[in-house]
Amino acid sequence: MRGLSDAIIAIILVIASVTIALIVVGFTYGLFGTLTYKSIITSLGNAYVKYSPSNGKVEICLTVKNTGPEEPTVMSVSLSNAPVSVDVITDVYNGSTILGSTVSIQPGTNTLTIEGYVTAQLQPGSTVSLQLTLSNGVVLVVPATVEAQ
């Protein structure tokens, strides 16, 4: 009985090497979608902004969902490209309330209340673009309705 020829063994080794390399590249660059560990942050429903025109104070309320294990931090907030000077962020998550000037968005559903000041004039009844820049590089853009405070 004869063994496998050297050419056949070489072809099998090349195919195995290429397969292993493709699997490593796929995991490294997240080509397998659900097998990666990056969080996806989405808005649930509409956001709203309570605005006081006399002093520029705003209270922004929105609900977001984090679908992954990461807990990105809210780095900056803006309303229609006008930066919001954040005083405090309240995150209600799983019945717990977390307060701070920066808050991590926990996996699951989070109700965020952001209090601060904005220099831009907002019109009650209008819709503005709320932008949250997160520590993982994601910029969440949500339409928000302005209400008078």
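## A predicted chain with one helix and eight strands

Asn81 sits in the loop between strand 3 and strand 4. That loop is a friendly place to start, and we will come back to it shortly. Keep in mind throughout that this is a predicted model.

**The chain as a whole**

Stepping back, you will find 1 helix and 8 strands in the chain. Read from the N terminus, the order of elements is α-β-β-β-β-β-β-β-β. The radius of gyration is 24 Å, well over the 15 Å that the globule rule gives for 149 residues, so the chain is more spread out than a compact globule. Along the principal axes, the C-alpha atoms fill a box of roughly 95 × 30 × 25 Å.

How much of the chain counts as buried? The share is 32% of the 149 residues. The chain exposes about 8,900 Å², and carbon and sulfur atoms supply 61% of that area. If you look at contacts between residues at least 6 apart in sequence, 63% of them join residues at least 24 apart.

**Charges and the salt bridge**

The chain carries 5 positive and 8 negative charges, and the mean positions of the two sets are 10 Å apart. Searching the whole structure turns up 1 salt bridge. Its partners are Lys57 and Glu115, whose closest N and O atoms are 4.0 Å apart. Lys57 belongs to strand 2 (residues 57–66) and Glu115 to strand 6 (residues 108–118), so the pair ties together parts that are 58 residues apart in sequence. Both ends of the bridge can be described in the same terms: Lys57 is partly exposed, with a relative accessible area of 22%, and Glu115 is partly exposed at 26%.

**Back to the loop between strands 3 and 4**

Ser80 shares the address we began with, the loop between strand 3 (74–79) and strand 4 (82–93). What is the sign of phi at Ser80, positive or negative? Phi of Ser80 is positive, near 50 degrees, in a residue other than glycine. Asn81 also has a positive phi, of about 70 degrees, although it is not a glycine. For context, most residues other than glycine have a negative phi. As for solvent, Ser80 is partly exposed, with a relative accessible area of 42%, while Asn81 counts as exposed at 62% relative accessibility.

**Four residues in the strands**

Next come four strand residues worth clicking on in your viewer. The table pairs each with a residue elsewhere in the chain and gives their spacing along the sequence and between C-alpha atoms.

| Pair | Apart in sequence | C-alpha to C-alpha |
|---|---|---|
| Thr109 and Gln123 | 14 residues | 29 Å |
| Leu79 and Val141 | 62 residues | 9.7 Å |
| Thr127 and Val74 | 53 residues | 22 Å |
| Ser129 and Pro53 | 76 residues | 18 Å |

Let us start with Leu79, which is found in strand 3. Is Leu79 buried or exposed? At 1% relative accessibility, Leu79 counts as buried, because the cut-off is under 20%. Setting aside neighbours within four places in sequence, Leu79 is in contact with Val49, Val58, Ile60, Val84, Leu122, Val128, Ser129 and Leu130.

One of those contacts, Ser129, is in strand 7. Ser129 is partly exposed, with a relative accessible area of 26%. Beyond neighbours within four places in sequence, Ser129 is in contact with Ser78, Leu79, Ser80, Val141 and Val142. Among them is Ser80, the loop residue with the positive phi described above.

Thr127 also lies in strand 7 (residues 127–134). With 57% relative accessibility, Thr127 counts as exposed. Which residues does Thr127 contact, leaving aside neighbours within four places in sequence? They are Pro143, Ala144 and Thr145.

Finally, Thr109 is found in strand 6, the strand that also holds Glu115 of the salt bridge. Thr109 is partly exposed, with a relative accessible area of 40%. Not counting residues up to four places away in sequence, Thr109 touches Leu44, Thr63, Val64, Lys65, Val92 and Tyr93. Thr63, Val64 and Lys65 are among these contacts, and strand 2 covers residues 57–66.

Key
Residues numbered from 1 in each chain as written. Predicted model: local features only at pLDDT ≥ 70, side-chain atom pairs only at ≥ 80, totals over all residues. Heavy atoms only, no water. Helix = DSSP H or I, 4+ residues; strand = E, 2+ residues; numbered from the N terminus. Rg over C-alpha atoms; globule rule 2.2 N^0.38 Å. Buried < 20%, exposed > 50% of the residue type's maximum accessible area, 1.4 Å probe, protein only. Contact = heavy atoms within 4.5 Å. Areas by Shrake-Rupley, 256 points an atom, 1.4 Å probe, with all protein chains shown as cover. Lys, Arg positive; Asp, Glu negative; His and termini not counted. Charge placed at Lys NZ, Arg CZ, Asp CG, Glu CD. Salt bridge = Lys/Arg side-chain N within 4 Å of Asp/Glu carboxyl O.
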